[in-house]
Amino acid sequence: MVTTETHHHGHTHRLDLADSTVREWDATVLAADPEQGIVLDRSAFYPGGGGQPPDEGVLLWGGVRTRIAGTRTGDELYLIPVEGDPVPPVGTAVRGALDDERRTQLMRTHSGLHVLTGVVFRDFGALVTGGNMEPLTARMDFDLPEVPPDFKDRIAESVNAEIAADRPIEVRTLPREEAFAIPDIIRTATNLLPPDIEEVRIVDIVGLDTQADGGTHVASTSMVGRVEVVKMENKGRGFRRLRIRIV
């Protein structure tokens with residue numbers, strides 16, 4: 001759940017970090033290679049991280065469509081084309097477009113997980129030890145040695161009450177020192193923030209949960225939908241895994 005990046009990755013301006021509602025945009029190709037991938041000057045593709053998978057979508061250029069199957073990060077943010085699709089040459093003006101349904105479902109899922117972690121931390125003081133998400137389904141692991149018999153039902157009821165409260169979800173970037181002055185800003189048992197990060201991206205579910213995070217989110221909890229806690233598993237050593245579904 002914890003990744004933070006500046007609004008640039010290499011030479012790419014990260015539109016997704018500033019505005020997670022962007023689905024289409026104009027860009028110029030800075031580098032292109034069928035194996036390495038495509039680098040744009042501007043991109044709204046979320047590259048993946050913190051348990052959230054990368055976006056999928058297309059680049060449109062000169063009457064041609066290049067499907068983007070995923071991304072990878074190195075010195076640059078590389079968009080990975082579907083094998084066999086044409087790659088636009090350097091300097092080409094392209095129109096980028098995300099798979100809107102997939103991205104929106106991932107945003108709902110990610111925000112739902114933040115509500116979940118906020119409730120579990122508030123009510124049980126438990127930190128996150130792992131997690132993963134796909135569109136509308138996810139799991140989250142907590143360091144939680146003791147749980148009451150009705151834990152699963154209590155969590156579901158509390159999470160959905162917070163969603164119904166329609167709490168605003170605000171995103172801002174703070175200098176590292178200022179961010180770490182916020183109590184409990186790191187919700188993972190292990191601090192995953194690189195030591196050289198100078199600015200930390202903060203996701204704040206107003207009145208419930210504030211934590212460092214680099215993913216994409218909906219604007220308020222009511223946009224998540226309803227969370228079903230499908231299953232609780234005991235993973236040993238006091239670790240509990242909650243599997244959820246967004247409906």
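**Val206, the largest pocket and the two domains**

Me: Is Val206 buried, partly exposed or exposed in this predicted model?
Reply: Val206 has a relative accessible area of 30%. Buried means under 20% and exposed means over 50%. The value for Val206 falls in between, so the class is partly exposed.

Me: Which residues does Val206 touch, leaving out those up to four places away in sequence?
Reply: Val206 lies in the loop between β13 (199–205) and β14. Its partners, beyond four places in sequence, are Arg167, Pro168 and Glu170.

Me: How far apart in space are Val206 and Gly236, C-alpha to C-alpha?
Reply: Along the chain, 30 residues separate Val206 from Gly236. In space, the C-alpha to C-alpha distance is 33 Å.

Me: How is the chain divided, and how far apart are the C-alpha centres of the domains?
Reply: Domain 1 covers 8–98 and domain 2 covers 103–246. Their contact takes 13 residues from domain 1 and 14 residues from domain 2. Between the C-alpha centres of domain 1 and domain 2, the distance is 28 Å.

Me: Where does the largest pocket lie with respect to the domains?
Reply: Look at who lines it. Domain 1 (8–98) gives residues to the lining, and domain 2 (103–246) does too. The largest pocket therefore lies between domain 1 and domain 2.

Me: How much space lies in the largest pocket?
Reply: The lining counts 22 residues. Ser20, Thr21, Met107, His217 and Val218 lie nearest the centre of the pocket. The space in the largest pocket is about 300 Å³.

Me: Which element gives the most to the lining of the largest pocket?
Reply: Three elements give two or more residues to this lining: α1 (15–18), α2 (100–124) and β12 (169–175). One of them gives 5 residues, the most. That element is β12.

Me: How many residues of each class line the largest pocket?
Reply: Sort the lining by class. Charged residues number 6. The nonpolar residues number 8, and the polar residues number 8.

Me: Is His217, at the pocket lining, buried or exposed?
Reply: His217 sits in the loop between β14 (209–212) and β15 (227–234). Its relative accessibility is 6%. The cut-off for buried is under 20%. His217 therefore counts as buried.

Me: Which side chain makes a polar contact with the side chain of His217?
Reply: His217 touches Ser20, Met107, His110, Ser111, His114, Ile169 and Val203, leaving aside residues up to four places away in sequence. The polar contact is made with another side chain, at 2.9 Å. The partner is Asp213.

Me: How far is the C-alpha atom of Met107 from that of Ser20?
Reply: Met107 is in helix α2. With a relative accessible area of 5%, Met107 is buried. Ser20 is among the residues Met107 touches, along with Arg23, Thr216, His217 and Val218. The two C-alpha atoms belong to residues 87 apart along the chain, and their separation is 8.5 Å.

Me: Which side chains make polar contacts with the side chain of Gln211?
Reply: Gln211 is in strand β14. Its relative accessible area is 2%, so Gln211 is buried. One contact spans 3.2 Å, and another spans 2.9 Å. The partners are Thr117 and Asp209.

Me: Is Lys235 buried, partly exposed or exposed?
Reply: Lys235 is in the loop between β15 and β16 (239–246). Its C-alpha atom is 9.6 Å from that of Phe142, with the two positions 93 residues apart along the chain. Relative accessibility is 44%, so Lys235 counts as partly exposed.

Me: What is the phi of Leu136?
Reply: Most residues other than glycine have a negative phi. Leu136 is in the loop between β10 (128–134) and β11 (137–143). Leu136 is not a glycine, yet its phi is positive, at about 70°.

Me: What value is the phi of Asp166 near?
Reply: Asp166 is in the loop between α3 (151–164) and β12. At 40% relative accessibility, Asp166 counts as partly exposed. Its phi is positive in a residue other than glycine, near 55°.

Technical notes:
Residues are numbered from 1 along each chain as its sequence is written. This is a predicted model: local features need pLDDT of at least 70, side-chain atom pairs count only at pLDDT 80 or more; totals for chains, interfaces and linings use all residues. Side-chain values use heavy atoms; hydrogens and water are left out. On a 1 Å grid over the protein atoms alone, a cavity is a set of points where a 1.4 Å probe fits but cannot get out, and a pocket is an open set with protein on both sides within 12 Å along at least five of seven lines; lining residues have an atom within 4 Å of a point. Grid points are joined across faces, edges and corners, and a volume is the space filled by probe spheres set on the points. Helices (H or I, at least four residues) and strands (E, at least two) are DSSP runs, numbered from the N terminus. Ala, Val, Leu, Ile, Met, Phe, Trp, Tyr, Cys and Pro count as nonpolar, Asp, Glu, Lys and Arg as charged, and the others, Gly among them, as polar. Domain bounds come from an automatic or database domain assignment. Buried means under 20% relative accessible area, exposed over 50%, partly exposed in between (1.4 Å probe, protein chains only). A polar contact is a pair of N or O atoms within 3.5 Å; within protein, one must be able to donate a hydrogen and the other to accept it, and residues adjacent in sequence count only if both atoms are side-chain atoms. Contact means heavy atoms within 4.5 Å.
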